[in-house]
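Reader: I am new to this structure and would like to have a close look at a single part of it, with enough of the surroundings to see where that part belongs.

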Amino acid sequence: MKKILSVLLMALIVGTSLFAAGEAEATKSPITIWAWDPNFNISIMKDAAAIYQKAHPDVEFNIVEMAKADVEQKLHTNLASGTTDGLPDIVLIEDYNGLKYLNSYPGQFSDLTNKINQNDFLKSKVDVAKIGNKYYSMPFDSGVAGFFYRTDMLAEAGYTAADLNNITWDEFCDIAKEYKAKTGNYFFANSKADGGLLRIMLQSNGSWYFDKDGNPYVKDNKSLAEAMRIYKRFIDEDLAYPTNGWTEWVGSINNSTVPTITTGVWIIGSIKAASNQSGDWAVAPCPKLSASGTNASNLGGSSWYVLKNGKSNADAIDFLNTIYGANNNFYQDILVKNGAMGSYIPAFSGVNYSKADEFFGGQKVYDLLSQYAEAIPAVNVGEYTYEADAAVMANMEAYYNGQSIEETLEAIDAQLVNTIL
Amino acid sequence: MANEKKINRAGWFFIIPVASLLVIFLLYPIFYSLYLTTTRTKGIVTNFNGINNYIKLFNDPMFFLALKNTFKILFLQVPIMLTSALLFASLLNNKKIKFRGFFRTAIFLPSVTSLIAYAILFKMLFSYEGIVNNTLLSLKFIQTPLDWFSDPTLATFVLILAMVWRWTGYNMIFYLSAMQNISGDLYEAARVDGASDITSFFNITLPLLKPMILFTTVMSTIGTLQLFDEPMNLAQSGTTSSMVGPNNCFLTLSIYIYNLCFKYTPKFGYAATVSYAILVLVAILSFIQFKISSESEKTVTKKVSKSIK
């Protein structure tokens with residue numbers, strides 16, 4: 001009896017596993033895509049897939065939404081484990097992390113150099129995924145920085161658009177101080193722990209934590225010293241409204257607590273969430289660090305990468321090239337629908353980019369922003385941006401408390417070098 | 001004899017599944033991670049590195065910062081939490097108190113909330129325009145709102161408060177169940193001898209709870225050394241945050257390991273080295289705690305035997 005039972009059990013186990021294997025073989029595998037943010041990346045990807053499917057009805061898509069941290073974690077564990085079964089075909093990676101993945105998992109990502117035309121995209125954008133003379137990314141949303149402000153609140157305090165156009169960060173601080181003295185309110189919100197504005201300042205000066213070859217560039221980095229001085233002004237003169245986390249930060253503009261926000265173009269969606277402020281907003285170029293710097297910079301933004309060992313590699317590349325690499329109408333649509341500004345240069349002259357925006361008092365916001373975008377200095381963000389960021393911010397407190405800039409830069413350099421060892 | 005052998009063989013056969021699972025999922029990872037500590041890894045690029053990871057560990061300011069933060073939380077939070085758990089347990093063990101069941105449930109309830117949910121809840125309570133600031137303002141305790149999450153001391157205070165709220169009830173249940181195992185005769189005898197409630201707490205309850213106190217201390221120590229969820233969620237700040245909490249005050253050892261693997265360029269070898277540092281610390285701390293408790297046990301027995309003489 002027992003024997004019969006165990007034989008039956010064995011047969012059942014073997015049988016089901018065979019059945020499972022047989023089933024997986026039957027259909028063509030879909031293009032699997034991992035990304036975060038349902039209202040932005042996911043929604044845009046779904047639209048892109050729908051357009052592609054019209055011409056290629058046999059291609060299926062499997063668009064998986066996860067939190068950003070989960071995408072990164074899953075990608076790391078999958079790539080590190082060496083098994084390719086769980087890998088997607090296309091994955092969204094933040095630009096600061098592009099080289100990190102490419103260098104940590106060599107041979108895992110498809111070289112897109114001759115597959116798409118890199119000249120059609122912003123140079124600052126394609127360069128973040130360049131190794132030697134090979135390009136590995138399909139550039140997606142731009143993080144071009146803008147200085148967004150409330151015209152009504154600033155007019156009340158006596159400022160005009162001309163006062164805010166092409167200013168330096170020192171002038172920005174002076175205005176913030178003056179505004180606070182006049183109105184009793186803060187001019188902008190910033191978290192002491194966030195290096196976002198610092199990175200905006202660095203890139204506007206064509207500088208980064210790393211030099212052109214990707215080696216740490218801290219000790220003699222004049223731009224970094226200058227940007228740190230501005231951060232110290234924020235603290236010493238109590239210029240920034242303290243916020244903790246995204247919700248409070250966005251809340252500070254949505255609730256009219258502060259009249260300005262300087263950050264990437266992707267903030268427009270959140271600005272427009274406060275529909276009662278329609279017509280009260282305007283944009284100016286982001287402040288520059290020094291007289292020699294530019295009023296153009298970047299914060300964040302992501303790109304699509306194709307996994308070489310994905311199941312539908314060729315389809316995935318063709319899909320990206322057909323939609324993201326050539327479809328101008330698609331870029332016009334996502335600009336209106338999602339507020340997504342791509343980095344595809346031909347789209348900048350499209351009809352929706354040159355439209356006046358009522359929310360911004362009739363300003364041609366995207367036309368202006370795309371002009372700023374083309375002026376963004378390309379920098380080598382290297383593969384250790386977050387390590388450098390952590391090293392800088394960890395040593396800022398001592399600098400705020402009176403440690404000299406030379407000593408602080410030396411401490412940052414020592415920590416960064418040990419971290420990337 | 002032959003029969004015994006047969007039984008033995010059957011026994012071995014039966015433990016094969018469990019044993020092989022243990023080998024695959026417990027022993028293999030332990031030894032593999034030990035091997036990892038001797039490599040310099042960047043994703044899948046692996047080179048032999050000898051003891052360089054250990055040298056790096058001792059030159060790493062972030063590691064020592066994480067160590068300092070973890071121990072700060074350990075030495076502040078665990079004593080506060082265990083003392084208040086003990087206090088609540090002895091109060092609620094008093095049969096004269098009405099609604100004991102209700103209070104027990106109420107104090108235990110926080111420990112069934114999700115780690116993430118309660119961390120976010122505390123973050124909201126203590127936000128710049130949150131209910132705590134508003135209450136303190138309207139009671140005129142402070143003039144301007146406190147920026148709880150920009151100041152390391154205040155932020156650590158919120159973290160410890162949150163953890164005490166979440167875990168006190170959990171530990172209280174251990175103490176309560178241990179207290180209910182103490183025979184009522186002992187208290188009665190003590191009362192006959194004229195001992196006050198406080199005297200019997202210190203001379204009966206505490207000594208008899210010693211094994212449970214040791215257990216909760218060891219568990220809380222291990223838990224704190226592995227602390228991850230609470231600081232991680234309280235620290236979420238900015239769009240691309242560069243610090244874990246103000247001035248990195250929420251950077252615990254586990255968060256540092258996470259960052260080494262997933263936030264920074266993946267250095268699994270070095271991350272494994274930091275994990276082994278935690279292992280060594282847990283071993284040392286547990287050893288000390290066992291040592292202390294067995295020492296005091298000896299003195300108790302001595303005292304008792306003396307008094308009998």
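In the hairpin of strand 1 of chain B and strand 2 of chain B, which residue takes a positive phi, and how many residues are there between the strands?

Author: Please keep in mind throughout that this is a predicted model. The residue is B:Gly43, whose phi is positive and near 65°, and the hairpin has two residues between strand 1 of chain B and strand 2 of chain B. Strand 1 covers residues 39–42 of chain B and strand 2 covers residues 45–48 of chain B, and the two pair in the antiparallel sense over four bridges. Within this pairing, B:Thr41 stands opposite B:Thr46, which belongs to strand 2 of chain B.

To place the hairpin in its chain, it helps to follow the order of elements, which from the N terminus of chain B is α-β-β-α-α-α-α-α-α-α-α-α-α-α. Chain B has a total of twelve helices and two strands. The radius of gyration of chain B is 25 Å, well over the 19 Å that the globule rule gives for 309 residues, and chain B is therefore more spread out than a compact globule. Its C-alpha trace spans about 85 × 75 × 35 Å along the principal axes, and buried residues make up 31% of the 309 residues of chain B. Among the contacts in chain B with a separation of 6 or more, 72% are between residues 24 or more positions apart.

From the hairpin one can turn to the largest nonpolar core, which has 182 residues and in which A:Leu320 and B:Tyr256 are the residues with the most contacts. Helix 3 of chain B, residues 61–92, contributes the largest share of this core, namely twelve residues. Because domain 1 (30–142 + 300–352) and domain 2 (145–298 + 378–420) of chain A both give residues to this core, it lies between them. On the side of chain B, leaving aside residues up to four places away in sequence, B:Tyr256 touches B:Met62, B:Phe63, B:Ala66, B:Leu251 and B:Val274.

The two domains of chain A have centres that are 28 Å apart, taken over C-alpha atoms. Their contact takes 15 residues from domain 1 of chain A and twelve residues from domain 2 of chain A.

The contact of the two chains, in turn, takes 34 residues from chain A and 32 residues from chain B. Several helices of chain A each supply at least two residues of the side that touches chain B, among them helix 3 (68–81), helix 11 (246–254) and helix 17 (405–420). Helix 16 of chain A gives the most to that side, with seven residues. Taken by character, the residues of the side of chain A that touches chain B divide into 13 nonpolar, twelve polar and nine charged.

One residue of helix 16 of chain A can serve as an end point for this tour, namely A:Ala391. A:Ala391 has 27 C-beta neighbours inside 10 Å and so counts as buried. Again not counting residues up to four places away in sequence, A:Ala391 touches A:Ile412, A:Gln415, A:Leu416 and A:Thr419. A:Asn205, by comparison, is 186 residues from A:Ala391 in sequence and 20 Å from A:Ala391 in space, C-alpha to C-alpha.

Key:
Residues numbered from 1 in each chain as written. Chains lettered and ligands numbered in written order. Predicted model: local features only at pLDDT ≥ 70, side-chain atom pairs only at ≥ 80, totals over all residues. Rg over C-alpha atoms; globule rule 2.2 N^0.38 Å. Buried ≥ 20, exposed ≤ 12 C-beta atoms within 10 Å, placed from the backbone. Contact = placed C-beta atoms within 7 Å. Nonpolar A, V, L, I, M, F, W, Y, C, P; charged D, E, K, R; others polar. Domains from an automatic or database assignment. Pairing = 2+ DSSP bridges. Core = buried A, V, L, I, M, F, W, Y, C linked by C-beta atoms within 7 Å.
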